2 protein chains.
Amino acid sequence: MTMADVAHEAGVSVASVSNFLNKQPYMSEAMAARIAEAIDRLGYKVNSSARNLRSGRTRLLKLVIPDLRQVYFSELAEDILAEARQHGYGVIVESTTNNRARELESIASMGTHSADGLILSPLMMTVDDIAALDGDYPLVLLGERLFGVNAPHVVIRNREGAAAATYHLLDAGCRRIAVVGAVPHPEHDFSSGSIRTHGYREALAARDIPCDDSLLIETQGWGSADGLAAVDTMLESGLQFDAVFALNDLLAWGVLRELRERGVAVPDDVRVIGFDDVEESAYMVPSLSTVNPGREAIARLAVESIIQQVESGSRAPAQTIEAPYSLSLRESSPALACA
Amino acid sequence: MTMADVAHEAGVSVASVSNFLNKQPYMSEAMAARIAEAIDRLGYKVNSSARNLRSGRTRLLKLVIPDLRQVYFSELAEDILAEARQHGYGVIVESTTNNRARELESIASMGTHSADGLILSPLMMTVDDIAALDGDYPLVLLGERLFGVNAPHVVIRNREGAAAATYHLLDAGCRRIAVVGAVPHPEHDFSSGSIRTHGYREALAARDIPCDDSLLIETQGWGSADGLAAVDTMLESGLQFDAVFALNDLLAWGVLRELRERGVAVPDDVRVIGFDDVEESAYMVPSLSTVNPGREAIARLAVESIIQQVESGSRAPAQTIEAPYSLSLRESSPALACA
DNA sequence: CTGAAAGCGCTAACAA
DNA sequence: TTGTTAGCGCTTTCAG
């Protein structure tokens, strides 16, 4: 079943059928009608391989993320899928399972023209790898900062978001805010963890409050089990604190659970705030206050940039596109009544 | 940069380059070496659009699921991605956001040969829609049963899994097992909810224990907020129960949290068991016992079936492939000591 | 406004 | 063992 069959059925040329399908202007009503009718009489569908070869486009994007099992990424992926769909693009999703070699493979596969553009959330790549991103194909980087790549970055305002959370807690009168999941001694200087920790420090500094490093609690990972363990450690060591800023929502879930377990009232004794504004956080008990990193905006901005690049036929220059953050204040640290 | 360039560079014919790339036998070492060298001197990559058109294959699968934000599906998707990858296939992921029209669109798009096969998790489609699945392209259905479709189904053993959970609780001495998320009066007869409820009833019946319908607690949705609300209702109505079987893990999370809130000890006063064995469930406090529906096996079986269909060149006949389930017993309802 | 024809880059049948 | 060649089905000039 090819276009030639349709052309024959309608008694017109293949070119006309193609024009009809691609909504070219200047076609008589009559011909359009006949073609339309032939198409659905025959149940014709264009063959995308042929179209792709000829047009040099696939209307497919490649999304490469570290791990779909992490809520943050699955929600991000869902948003990106929706946005791409609106623009008429499909998405090939690849999970690198936190594996550098996989990240590089996914990038290399862009050479085959199987997708029109790449949205990459790099996690394990290092500066040594950025040469792999050379090329003229449409590319957008997400999240973690990777310097020296000649492409747009859509980033979370980690520093500002963390600072905003901290200001909020300070405004609520908290003075000993523990940071769960902190990176007190930045190694990979630009991980979300260290930037968020930095934002916290900055907010304290702006208010002339000294930062007590014993409040910076490092954790093994960033799952709820780690949040829970952190609270145990804090309580057992006799640490004094009147708020917890967990650097992601999963940590915060564990924190909430363990505080309750230990009979610490939230938010009365201790306020708790997270980061990510994952869907399920709104349904915790108490519901979790958290920093909304603008996931939907990230999805939208990333897809828009990629598509603009696809349409312009070349990669956009390096630039940083910041997504708007906001605080989603819920029961674990309610908004302040106006004074 | 085409194959002709490589051929020219290596001083051979395009056919030889193609043979080399497709690992045909019968090629002299010398020629292979020269081609290999030319390829990486030029940094050549095959153009997949051209290959796809010519070969009639894309080495792409389409995965259509209701919602990536639901943990169950994001974990399933991750497993399917991994499995497909092992077989050298990429995956176009589409989320239907619980929307019947989207499901139908995704199916219709198979006509364009943009993917070699479809793995579909139908949710909103009805028997009226199954004609849309007619065709000869490789297809595997996941989860919810859809009768009359001429393709393999990979299914969870909902009934058996639910019965196993129930037997486990009965063996532990529980006699009043509340079912949260139950479907007491099946409407869509073959939803997971009603089958699991059925499995529960069946287990009671097998032990000659009458089923008290007041223990079947319906919920609005299947999120943790619903589980929480269910416990409130149960407690407030004075319902007596010594165990809760939540029909999915999210419900169970809410149940655990609210029981703790109300001072009900788990598992001492009330045992709790869920269904899905989602990753995060192992990190709840107490850690959640749950039915492992064999997600990895589902991913493997689905991908294997699709690929076998792709390779055989046509759709496999209707058949039901059941994934092995098991109980993941953790703190919320520990395994029984041997008597 | 419509049609004829030239490929897009590759694979596979066939010839050598 | 290697090379020649005919398309795969479509889009897109360009002529009519």
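## Close-up views of a predicted protein–DNA model

**Figure 1. A look at aromatic rings.** Counting over all chains, this structure holds five aromatic pairs. Bear in mind that the model is a predicted one. One of the pairs brings together Phe147(B) and Phe190(B), which meet edge-to-face. Their ring centres sit 5.0 Å apart, with 65 degrees between the planes. This pair ties together distant parts of the chain, as its two members are 43 residues apart. Phe147(B) belongs to the loop between strand 4 (139-142) and strand 5 (152-155) of chain B, while Phe190(B) belongs to the loop between strand 6 and helix 8 (192-206) of chain B.

**Figure 2. The six-stranded sheet of chain B.** Here six strands of chain B make an open sheet with mixed pairing, and their order is 7-6-8-9-10-12. Strand 7 (216-217) and strand 12 (326-328) take the edges with a single partner strand each, so one side of each has no neighbour in the sheet. Further in, strand 6 (residues 177-180) pairs with strand 8 (residues 243-246) in the parallel sense, over four bridges. To pick out one bridge, find Ala178(B) and its partner Val244(B) in strand 8 of chain B. Helix 9 (residues 224-236) of chain B lies across strands 6, 7 and 8 of that chain, running at about 140 degrees to strand 6.

**Figure 3. Where the protein meets DNA strand D.** There are 22 residues around DNA strand D, and those that come nearest are Met3(A), Tyr44(A), Arg51(A), Arg54(A) and Ser28(B). Look for phosphate oxygens of the strand: one is 2.5 Å from a polar backbone atom of Met3(A), and one is 2.3 Å from a side-chain N or O atom of Tyr44(A). From chain B, Ser16(B) has a side-chain N or O atom 2.8 Å from a phosphate oxygen. Helix 2 (14-21) and helix 4 (48-55) of chain A, along with helix 2 (14-21) and helix 4 (48-55) of chain B, each give two or more residues to this surface. Its residues divide into 11 nonpolar, eight polar and three charged.

**Figure 4. Where the protein meets DNA strand C.** DNA strand C is surrounded by 21 residues, the closest being Ser28(A), Met3(B), Tyr44(B), Arg51(B) and Arg54(B). Of the strand's atoms that come within 4 Å of the protein, 68% are sugar and phosphate. A phosphate oxygen lies 2.9 Å from a side-chain N or O atom of Ser16(A). A base oxygen is touched on too: a polar side-chain atom of Arg54(B) lies 2.6 Å from one. Helix 4 of chain B supplies the largest share of this surface, with three residues.

Notes. Residues numbered from 1 in each chain as written. Chains lettered and ligands numbered in written order. Predicted model: local features only at pLDDT ≥ 70, side-chain atom pairs only at ≥ 80, totals over all residues. Heavy atoms only, no water. Near = heavy atom within 4 Å. Polar contact = N/O pair within 3.5 Å; in protein donor to acceptor, adjacent residues only side chain to side chain. Nonpolar A, V, L, I, M, F, W, Y, C, P; charged D, E, K, R; others polar. Pairing = 2+ DSSP bridges. Contact = heavy atoms within 4.5 Å. Axes fitted to C-alpha atoms, helices over the stretch in contact; angles between N-to-C directions. Phe/Tyr/Trp six-rings, centres within 6.5 Å; stacked < 30°, edge-to-face > 60°.
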